[in-house]
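Visitor: Could you walk me through how the helices pack here, and the reasoning behind each label?
Guide: Gladly; let's look together.

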Amino acid sequence: MIEVTHLTKHYGSNAAVDDLSFTVEKGQIYGFLGPNGAGKTTTMNILTGYIAPTSGEVVIDGHNILEEPEEARKCIGYLPEIPPVYPDMTVLEYLQFAAELKKIPRDEREAMILEVMQTTGLMEMQGRLIRNLSKGYRQRTGLAQAVLGYPDIIILDEPMVGLDPKQIIEIRELIKSLGQKHTVILSSHILSEISAICDHIMIIAHGKLVASDTPENLMNLMRGSGSLELTIRAKEADVRRMLSSLPGVQSLDVKNSSEDGACDVVIQTEAENDLREMIFYMCAQEKKAILRMQHTHVSLEDIFLELTEGHPAEEKPKKKRRFGFGGKSVTMEKTAGQNQAVSDERTVEQNTEAIAGEQTGAVNPQEGEE
């Protein structure tokens, strides 16, 4: 469905995306992970045609995003991190507006909008103003516009950010249901949700792809060995003598335990070796009591941290605007009301571009590194 080849995006001297290549297969849910500033949002904006790459090629269902932008964008539904919704519209008005922007045939709009609202759980909210919706329902509304037109590919940038646990569960189930009919690319920092939802995971750091596989294969690859933790009531020398002779033991760490007369043990073994039963019978034969035995597993968080270690996640401080008055430099900061006014002025233009990108071919006015 998607082929990305040697994709690069520079902002000045900074490479937000650096020679990135990957393939997205049809009918799967892909998790797109990386620390802040790794290039996730930049990559997604390039895939949707929202910004242009510095170099490289993106092919969407056989259509080159630069040579056939309109055909490529028709294959994609996009939900940015901040949903492109209009607070003064009702949910139904907004979806009717989005359907017009996407050039959905007039005789198909009503039935399609009703079906999308049912899919996303918005039927009861269709008459409500978007400004009065909870964040979860705003996310659903943004997701509904992404699904309109039934694109083959749906790209979701942080769809669960700021949601409470109940809303996260609802959105998770919704994404799973979408994955039955669409190819979904999902970016999120909630790693447990990525692990629960996704069939395939891609991790990027410093703009480069550092891992791409199923969650299970990634865990096996990163683990490379099994880890077994025990507490045995025995002397350290006896524990070492018994366990060091076991087949497939890669390392053995033994130290005194807080339990009287016991030792804590960590054994690293080859991944396919499960030594628990063998250790049980050995300790029984030696009349040494096993007080604790626990098989540990590598989590997606462990994989993420190891692969992205050393990535500079700090955000750069925002610059304040300074104005000179009579030779003096004064820092001017807008009030909350002024900021809202500026935000409202930009909303219409930016949201229209986000919803109807396949027609506008516009570049994000606020484009910059993630």
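Guide: Keep in mind that this is a predicted model. Let's begin with handedness: α3 and α4 cross in a right-handed sense.

Visitor: What makes α3 oblique to α4?
Guide: The axes of α3 (residues 91–101) and α4 (residues 106–120) come within 10 Å and cross at roughly 125°. Roughly perpendicular covers 65 to 115 degrees, and roughly antiparallel needs over 145. The angle of roughly 125° fits neither class, so α3 is oblique to α4.

Visitor: Which residues of α3 and α4 meet?
Guide: From α3 come Val91, Leu92, Leu95, Gln96, Ala99 and Glu100, and they meet Arg109, Ile113 and Met117 of α4. By class, the residues of this contact are six nonpolar, one polar and two charged.

Visitor: Now to the other pair. Why are α3 and α5 called roughly parallel?
Guide: The angle between α3 and α5 (residues 135–147) is about 25°, and their axes lie 10 Å apart. Angles under 35 degrees count as roughly parallel, and therefore α3 and α5 get that label. The crossing of α3 with α5 is right-handed.

Visitor: What makes up the contact between α3 and α5?
Guide: On the α3 side there are Val91, Tyr94, Leu95 and Ala98, while α5 brings Thr141, Ala144 and Gln145. The contact of α3 with α5 counts five nonpolar and two polar residues, with no charged ones.

Visitor: How many residues of the contact of α3 with α4 are charged?
Guide: Two. Glu100 of α3 and Arg109 of α4 are among the residues that meet there, and both Glu and Arg count as charged.

How values were computed. Residues numbered from 1 in each chain as written. Predicted model: local features only at pLDDT ≥ 70, side-chain atom pairs only at ≥ 80, totals over all residues. Heavy atoms only, no water. Axes fitted to C-alpha atoms, helices over the stretch in contact; angles between N-to-C directions. Helix = DSSP H or I, 4+ residues; strand = E, 2+ residues; numbered from the N terminus. Left-handed = near helix turned anticlockwise from the far one by under 90°. Contact = heavy atoms within 4.5 Å.
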